[in-house]
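Please consider the following structure with attention to its aromatic contacts, its sheet and its helices. The briefing below is grouped by these topics.

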Amino acid sequence: MIKRKPLKWIVWSVVLLIVVAIVLWFIPTSYVVIYPGVTGNLAQMVKVQGGKQRNHGNLLMVAVGIAPVNELTYIGSRLDPNVELLKSSYAMGGLNMKQYVQYNVSLMNNSKLAAEVAGERLAGLHAYVKTVPGALVVGVLKNGNAQGKLQPGDLITKIGPYPITNPNQVHGIMKKHFTYGEIVPFTIERHHQTLIVPIRTTHIPQDSAPAIGVLISALQVPVIPRPVTINSEGIGGPSAGMMFALEIYSQITGKNLAKGRIIAGTGEITPSGQVQPIGGVAQKVITVHRSGATVFLCPAANYAKAEAMAKRKGYQMKIYPVTNLTQALHDIEQSAT
């Protein structure tokens with residue numbers, strides 16, 4: 001009996017820990033975790049009609065993962081130096097996970113269009129963006145009145161009797177002509193059909209005008225001399241834009257930028273070739289290291305955080321801060337000398 005007593009307490013302690021862990025697993029938190037993700041080989045993802053493929057070295061895009069955390073995984077994440085916890089309201093802008101994924105798919109599609117124009121312009125071709133009149137719905141807030149009525153991809157062309165030619169008009173029109181609680185007819189284009197959708201306005205925090213709870217942007221269509229196909233392989237978000245553009249440039253000009261190396265990069269791109277900051281750069285540094293890349297291009301605004309992570313982990317990689325596509329190209333070429 002004396003020998004069995006410690007064993008009994010150990011068994012009960014383990015059972016208690018399991019019960020506590022199960023309970024914590026089912027308690028949600030208001031946080032999400034950003035963790036190291038995957039890289040994508042751009043030669044396999046991007047195809048320029050008539051373009052030339054290199055056969056030595058790789059250019060890589062970099063992605064991170066994001067997931068909601070419960071009380072149990074919150075504790076684990078606090079102890080993991082490779083991840084970052086963020087308030088979900090900050091990281092996801094009031095969207096639930098499904099809506100956030102849809103929103104990031106929309107951002108990825110926009111980044112492809114911007115990269116096609118920027119990459120072809122860098123190669124010396126006459127490429128440009130045509131803006132379609134209207135306001136493109138890119139996200140619907142989970143608590144907004146547009147939920148279930150509008151969807152990403154809808155193009156708002158009129159609010160009440162007022163035509164919409166660009167997204168910047170929307171706030172002013174809602175503030176000047178409508179009141180809180182009023183049912184407003186929104187004219188939209190959806191799958192080549194014109195629909196009129198009545199939606200009651202409401203108050204959205206941090207919005208001084210009557211609102212319905214949608215995220216909008218301009219609908220832009222690229223006009224490019226060389227057709228491009230980009231398979232993003234289910235990855236969302238805008239941060240691959242700069243590397244898409246460099247791959248397009250490489251295939252059009254036939255220049256082998258990698259020159260036998262593995263080069264990774266991240267950064268949102270504009271059609272004019274400006275590189276914009278991105279999120280999760282510290283976790284991307286870890287992802288880049290795992291890929292074997294020795295050169296990493298990142299937006300100048302993210303450089304300090306990326307460099308700090310690389311030093312803390314002792315990684316042997318050269319990180320270049322870039323502000324535009326021309327500079328990114330120059331840095332890649334210089335890194336090979």
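**Aromatic pairs and ring contacts**

Tyr 31 is partly exposed, its relative accessible area being 26%, a value between the 20% limit for buried and the 50% limit for exposed residues. The model is predicted, and it contains 2 aromatic pairs.

- Tyr 31 pairs with Tyr 74: the ring centres are 5.3 Å apart and the planes stand at 50°, so this pair is tilted. For a tilted pair the angle is neither under 30 degrees nor over 60.
- This pair connects distant parts of the chain, since Tyr 31 belongs to strand β1 (residues 28-41) and Tyr 74 to helix α3 (residues 71-78), with their positions 43 residues apart.
- Tyr 162 and Phe 178 make an edge-to-face pair, with 6.1 Å from centre to centre and 80° between the planes.
- Tyr 162 is located in strand β7 (residues 162-163), whereas Phe 178 is in the loop between α6 (168-177) and β8 (183-190); the pair therefore ties together parts 16 residues apart in sequence.
- The two partners differ in burial class: Tyr 162 is partly exposed at 28% relative accessibility, while Phe 178 is buried at 9%.
- A further ring contact involves Lys 318, which lies over the face of Tyr 320 at 5.4 Å from the ring centre.

**The six-stranded sheet**

- The strand order of an open sheet of 6 strands is β4-β1-β3-β12-β15-β16, and the pairing is mixed.
- Its edges are formed by β4 (84-87) and β16 (318-322), each of which pairs on one side only.
- Direction ignored, neighbouring strands of this sheet are turned by 30° against each other on average.
- Strands β1 and β4 run antiparallel and are joined by 4 bridges. Val 33 has Leu 85 in β4 as its bridge partner.
- Helix α9 (residues 303-313) lies across β4, β15 (295-299) and β16, and runs at about 175° to β16.

**Helix α7**

- Helix α7 comprises 13 residues (241-253); at 1.5 Å a residue it should span 18 Å, and its end C-alpha atoms are indeed 18 Å apart, so expectation and model agree.
- Because 12 of the 13 residues of α7 are buried, this helix is largely enclosed by the rest of the structure.
- The buried residues of α7 include Met 242, Phe 244, Leu 246, Glu 247, Tyr 249 and Gln 251.
- Gly 254 follows α7 and has a positive phi, near 75°.

How values were computed
Residues are numbered from 1 along each chain as its sequence is written. This is a predicted model: local features need pLDDT of at least 70, side-chain atom pairs count only at pLDDT 80 or more; totals for chains, interfaces and linings use all residues. Side-chain values use heavy atoms; hydrogens and water are left out. Helices (H or I, at least four residues) and strands (E, at least two) are DSSP runs, numbered from the N terminus. The expected span of a helix is 1.5 Å times one less than its number of residues. Buried means under 20% relative accessible area, exposed over 50%, partly exposed in between (1.4 Å probe, protein chains only). Rings of Phe, Tyr and Trp (its six-membered ring) pair if their centres lie within 6.5 Å; planes under 30 degrees apart count as stacked, over 60 as edge-to-face and the rest as tilted. A charge sits over a ring if NZ of Lys or CZ of Arg is within 6 Å of the ring centre and within 35 degrees of the ring normal. Two strands pair if DSSP finds at least two bridges between them. Axes are lines fitted to C-alpha atoms, for helices over the stretch in contact, and angles run from 0 to 180 degrees between N-to-C directions. Contact means heavy atoms within 4.5 Å.
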